[in-house]
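Hi,

Here is the structure I promised to pass on. Please open it and keep it beside you while you read.

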Amino acid sequence: MVAPDDKNSLKRTPLYDLHVSLGGKMVPFAGYDMPVQYPAGVLKEHLQTRTQAGLFDVSHMGQLALRPKSGKIEDAARALERLVPQDIVAIAPSRQRYAQFTNEDGGILDDLMVANFGDHLFLVVNAACKDADEAHLRAHLSDDCIIDSLEDRALIALQGPKAESALAKLCAEAPAMKFMDAGPHTVAGLDCFVSRSGYTGEDGFEISVPAADAERLAKTLLENPDVMPIGLGARDSLRLEAGLCLYGHDIDTATTPVEAALEWSVQKSRRSGGARAGSFPGADKILAHFDNGASRRRVGLRAEGRAPVREGALLFADSAGGEPIGKVTSGGFGPSLNAPVAMGYVPAALSALDTKIFAEVRGQRLPLTVAAMPFVKNTYKR
């Protein structure tokens, strides 16, 4: 529970009043008062998103514009490449890419989305890291870029198989968009930034909208019977089933992208032998992990039975004795699978699919199997 003083210090998103009016159960999250669930409950909200469409308030996340002082978008892209191991120059106009800010030890300061809006880059960063991320950008890129914090905008995610049809009623261009398309679009007559992306494993959209118009847009979307409001509880179970990392849990400042099984996010141009190899924080360690492998790896874990294995549970190679070999970083019940799922870090030698390991839960060791991720097939429209 949060003490009243702490509760009063929490920030509110532009949709706070709407959450309360919809019966949202409000909890502290990343310094904000956010809905963990609505009266329908986490299970129904989760399955609603998998079968129809769910509306999420993600306005607590940070939105930033990176504007090149030269007027050339490539200069902003090259500047940002000094802080991330991704190929930003190659992001085509109206497209976006997943990236990570890394530190000098190769660890991850935050993960983010980067979109090319033609004359500037649009960034979405995690709520708990957004102030540090903005300071990081200002400290390193101010010579080349104007950094604008877009605090006057809210962010709404519309996710699920009926997200396209729901948004198409308000945005004619929505059906033509492909996964990771991003750019300015008019939605219900409002000037929005829309990307075809999300963090549930489902097809869907993320809509940046002026804060003053956010409640009107959310209410308009919720008038559609296919759309339900979804809280943080289902957001977490959806992203876990999708095998997606939660910053501060599955990835952090002591985890490299290779250890985190995020190799796919680092393009060949930034790897050893690439056109712009290295020249990002922690490059020596990260590229060494690419070339020689890392000693540990993030893996998916499936448990026998129905008891969920939670974050923090220690992992062991054997059913008795021995030292811990790793720990669970995310875990819970997967409603789509009707079974528990988890992810965690294990030694590389024990990271192969179908490897048997054990988790310590309430003093007992439960058998786990290393499993492929995502646990639920994603439905992105490519």
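Below is what I found, from the overall shape down to the two annotated regions.

First, a caution: this is a predicted model.

Overall build. The protein has 9 helices and 19 strands. Its radius of gyration is 21 Å, close to the 21 Å that the globule rule gives for 382 residues, so the protein is as compact as a globular protein of that length. Along the principal axes, the C-alpha atoms fill a box of roughly 60 × 50 × 45 Å.

Inside and contacts. Of the 382 residues, 55% are buried. Now take the contacts between residues at least 6 apart in sequence. Of these, 65% join residues at least 24 apart.

Surface and charge. The protein exposes about 16200 Å². Carbon and sulfur atoms supply 52% of that area. There are 42 positive and 48 negative side chains. The centres of the two sets lie 5 Å apart.

Annotated regions. Both come from an unreviewed UniProt entry.

- UniProt places "domain: GCVT N-terminal" at residues 15–269. This stretch is 24% helix and 31% strand. Its end C-alpha atoms are 41 Å apart.
- UniProt lists "domain: Aminomethyltransferase C-terminal" at residues 296–377. Here the chain is 0% helix and 52% strand. The end C-alpha atoms of residues 296–377 are 25 Å apart.

One thing to look for on screen: which secondary structure is at 0% over residues 296–377? It is helix, while strand stands at 52%.

Best wishes

Note on methods. Residues are numbered from 1 along each chain as its sequence is written. This is a predicted model: local features need pLDDT of at least 70, side-chain atom pairs count only at pLDDT 80 or more; totals for chains, interfaces and linings use all residues. Side-chain values use heavy atoms; hydrogens and water are left out. Helices (H or I, at least four residues) and strands (E, at least two) are DSSP runs, numbered from the N terminus. The radius of gyration is taken over C-alpha atoms; the globule rule is 2.2 Å times the number of residues to the power 0.38. Buried means under 20% relative accessible area, exposed over 50%, partly exposed in between (1.4 Å probe, protein chains only). Contact means heavy atoms within 4.5 Å. Accessible areas come from the Shrake-Rupley method with a 1.4 Å probe; for residues, only the protein chains shown count as cover. Lys and Arg count as positive and Asp and Glu as negative; His and the chain ends are not counted. The place of a charge is taken as NZ of Lys, CZ of Arg, CG of Asp or CD of Glu. UniProt positions are given in the numbering used here, feature names are shortened, and annotations may be inferred rather than shown by experiment.
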